[in-house]
Amino acid sequence: MRVLVVEDEEKLAALIRQGLEQRGLAVDVADAGEEALWRAGSTAYDAIVLDVMLPGIDGFEVCRRLREDEVWTPILMLTARDAVEDRVEGLDGGADDYLTKPFAFPELEARLRALARRGDEPRPPVLESGGLRLDPAASSVERDGTPIELSRIEFAMLETFMRRPGRALTRVELLEHV
Ligand code: CA
């Protein structure tokens with residue numbers, strides 16, 4: 001399993017690298033957002049550990065740009081404090097999970113392994129299909145730019161279908177997601 005660690009604090013980056021390597025993971029480190037973008041775009045990582053606070057473009061922006069570029073490697077964001085807004089912004093920007101600093105290594109490793117199992121299936125934060133645009137974070141749906149009012153269940157059903165284009169869903173699958 002190969003992981004990209006994006007962290008500008010040298011000591012912490014070295015510590016994370018060492019900790020993950022001891023657990024048998026291959027680790028690359030990037031110390032800036034730009035470097036993270038090109039590394040993640042050119043190497044097939046199983047997961048990315050992405051610090052929020054970076055010089056230049058921050059972790060949120062790195063995450064958004066990777067998803068815009070259709071890089072779907074699972075991303076775990078590191079947030080410095082237990083700030084709800086940070087976690088929400090990260091998840092809405094296309095991150096898959098987050099961990100608050102300071103964290104325990106076994107938890108970081110367990111979460112990375114769980115994320116890697118999901119693979120790099122496309123999971124865009126905003127879903128678009130045939131003129132329909134569904135934004136789960138804003139709970140909004142538009143058709144050709146015109147807002148559509150949906151009930152909570154209608155919204156959940158539409159989101160479920162749009163996340164699985166071209167697939168027939170069983171009743172059980174639908175119930176799991178709605
Ligand atoms: Ca940092």
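## Glu159, a buried acid in helix H6

Let's start with a single side chain: Glu159 has a relative accessible area of 19%, so it counts as buried, the cut-off for that class being under 20%. The model we are looking at is a predicted one. Glu159 belongs to helix H6. Leaving aside residues up to four places away in sequence, Glu159 is in contact with Leu127, Leu134 and Pro136.

## Met157 and a nonpolar surface patch

Helix H6 covers residues 152-163, and Met157 is found there too. With a relative accessible area of 31%, Met157 is classed as partly exposed, whereas Glu159 in this helix is buried.

Which residues join Met157 in a nonpolar patch on the surface? The partners are Ile153, Phe161 and Val178. Taken together, the patch residues offer about 320 Å² of accessible area.

## The calcium site

Now to the metal. Which residues supply the protein donors of the calcium ion? Glu7 and Glu9 each contribute through OE, Asp8 and Asp51 through OD, and Met53 through O. These donors lie 2.1 to 3.1 Å from the calcium ion.

The sequence spacing of the donor residues reads E-D-E-x41-D-x1-M. In this pattern Glu7, Asp8 and Glu9 make up the opening E-D-E, while Asp51 and Met53 come after the x41 stretch.

How accessible are Asp8 and Glu9? Asp8 has 31% relative accessibility and therefore counts as partly exposed. Glu9, at 41%, falls in the partly exposed class as well. Both values sit between the limits of 20% for buried and 50% for exposed.

## The protein as a whole

Stepping back, the secondary structure consists of seven helices and nine strands. The C-alpha trace spans about 50 × 35 × 30 Å along its principal axes. A compact globule of 178 residues would have a radius of gyration near 16 Å, and the 18 Å found for this protein agrees with that.

What share of the 178 residues is buried? The figure is 42%, and Glu159 is one of the residues classed as buried. The protein exposes about 10,000 Å², with carbon and sulfur atoms supplying 50% of that area.

The contacts tell us about the chain's long-range pairing. Among those between residues at least 6 apart in sequence, 55% join residues at least 24 apart.

Key: Residues are numbered from 1 along each chain as its sequence is written. This is a predicted model: local features need pLDDT of at least 70, side-chain atom pairs count only at pLDDT 80 or more; totals for chains, interfaces and linings use all residues. Side-chain values use heavy atoms; hydrogens and water are left out. Donors are N, O and S atoms within 2.8 Å of the metal (3.2 Å for Na, K and Ca); water is not among the atoms, so sites may look incomplete. Buried means under 20% relative accessible area, exposed over 50%, partly exposed in between (1.4 Å probe, protein chains only). Patches are made of residues with over 30% relative accessible area and no salt bridge: like charges are joined within 9 Å, nonpolar side chains (Val, Leu, Ile, Met, Phe, Trp, Tyr) within 5 Å. Accessible areas come from the Shrake-Rupley method with a 1.4 Å probe; for residues, only the protein chains shown count as cover. A salt bridge is a side-chain nitrogen of Lys or Arg within 4 Å of a carboxyl oxygen of Asp or Glu. Helices (H or I, at least four residues) and strands (E, at least two) are DSSP runs, numbered from the N terminus. The radius of gyration is taken over C-alpha atoms; the globule rule is 2.2 Å times the number of residues to the power 0.38. Contact means heavy atoms within 4.5 Å.
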